[in-house]
Amino acid sequence: MAFYGLVLQSRPVLQRIAADAYPRQIAACRATVAARQRENGSWLSRWYPSPYVATYYCARLLSGPAGAHERELRRAADWIGAEQRADGSWEGGVISTAAAVLSLALLGRDPRRRERGLDWLLRRDEGGGRWRGEPVLYFWFDFPDGRRLFHHSQDRGRITTAWAGLALATRG
């Protein structure tokens, strides 16, 4: 699972810095991520509390060459669309909703769902373009003796606000 997180983080670096020098490595990253898509169309990560964040990062990775991973991207978009709550959010969270909106925007899907999500985000603004912090990262260490050390990071609002701002910037 740790390798999977490394794959998600390394591909954007390779793509931006030296895409021509590493085409096989980038293709291998994409293949690894495509193979780990869950049956419902989402991806999970050991690091991110929200499956929508992991799915957004995976969709970004797979949206490289046109048509190469169209099936996986369509399944992801279908899953995201099906999971939207009646109130317009995903999981009732700012980060999950922002990641879902960003994914749908990236994939050019469901403009009405995106608008409902953006409206929900705006209703959660605590004033001055700030959103209350949410869990942003978790991980654990497994020790040989069976103990597990769990780490959970709670944002104070800056990261959550950044996610909301990225999503709101998709409103054209």
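Let's start in the loop between H4 and H5, where glutamate 91 sits. Its phi is near 60 degrees, which is a positive value in a residue other than glycine. Most residues other than glycine have a negative phi, hence the early mention. As for its surroundings, glutamate 91 is partly exposed, with a relative accessible area of 40%. And please keep in mind that everything I show today comes from a predicted model.

There's a second residue of this kind. Aspartate 110 is not a glycine, and it has a positive phi of about 50 degrees. You'll find aspartate 110 in the loop between H5 and H6. It is partly exposed too, with a relative accessible area of 26%.

Okay, let me step back to the whole chain. The protein has 172 residues, and 42% of them count as buried. Its secondary structure comes to 7 helices and 2 strands. What order do the elements run in, from the N terminus on? The order is α-α-α-α-α-α-β-β-α. If you look at contacts with a separation of 6 or more, 63% of them are between residues 24 or more positions apart. The accessible surface comes to about 9,600 Å², and 53% of that belongs to carbon and sulfur atoms.

How far can we trust the model? The mean pLDDT is 89, and 89% of the residues reach 70 or more. The start of the chain is another matter: over residues 1-6, pLDDT stays under 50. For that stretch the model has 8 contacts beyond four places in sequence. Where pLDDT is low, the predicted coordinates should not be read in detail. I'll leave that end alone, then.

Now to helix H5, which covers residues 94-107. From its first C-alpha to its last, H5 reaches 20 Å, close to the 20 Å expected for its 14 residues at 1.5 Å a residue. Is H5 mostly enclosed or open? Of its 14 residues, 11 are buried, so H5 is largely enclosed by the rest of the structure. Here, buried means under 20% relative accessible area. If you want to click through them, the buried ones include Val94, Ile95, Ala100, Val101 and Leu104.

What do those buried residues pack against? There are four helices on the list: H3 (51-62), H4 (70-83), H6 (111-124) and H7 (158-168). Strand S1 (135-142) is on that list as well. Just after H5 comes glycine 108, and its phi is positive, near 65 degrees.

Next, salt bridges. Side chains of opposite charge can pair when their charged atoms come close. The structure holds 6 salt bridges, and I've picked out three to show you.

The first on my slide joins the side chains of glutamate 115 and arginine 171, at 2.7 Å from N to O. Glutamate 115 lies in helix H6 and arginine 171 in the segment after H7, so this pair ties together parts that are 56 residues apart in sequence. Both ends get some exposure: glutamate 115 counts as partly exposed at 34% relative accessibility, and arginine 171 is partly exposed with a relative accessible area of 31%.

Then there's aspartate 142 with arginine 148, where the closest N and O atoms are 2.6 Å apart. Aspartate 142 counts as partly exposed at 48% relative accessibility, whereas arginine 148, at 52%, counts as exposed.

My last pair is aspartate 145 with arginine 147, and there the closest N and O atoms are 2.8 Å apart. In this one the aspartate counts as exposed, at 53% relative accessibility, while arginine 147 counts as partly exposed at 49%. Going back to the earlier pair for a moment, salt bridges that share partners join Glu115, Asp119 and Arg171 into one network.

One more stop, on the surface. Which residues form a nonpolar patch there? Phe141, Phe143 and Leu149 do, with about 280 Å² of accessible area together. Leucine 149 is found in strand S2, residues 148-154. It is partly exposed, with a relative accessible area of 46%.

To wrap up, if you take one picture away, make it H5: 11 of its 14 residues are buried, and those residues pack against helices H3, H4, H6 and H7 and strand S1. Thanks, everyone.

Technical notes: Residues numbered from 1 in each chain as written. Predicted model: local features only at pLDDT ≥ 70, side-chain atom pairs only at ≥ 80, totals over all residues. Heavy atoms only, no water. Buried < 20%, exposed > 50% of the residue type's maximum accessible area, 1.4 Å probe, protein only. Contact = heavy atoms within 4.5 Å. Areas by Shrake-Rupley, 256 points an atom, 1.4 Å probe, with all protein chains shown as cover. Expected span 1.5 Å × (residues − 1). pLDDT = per-residue confidence, 0-100. Patch = residues over 30% accessible without salt bridge, like charges linked within 9 Å, V, L, I, M, F, W, Y side chains within 5 Å. Salt bridge = Lys/Arg side-chain N within 4 Å of Asp/Glu carboxyl O.
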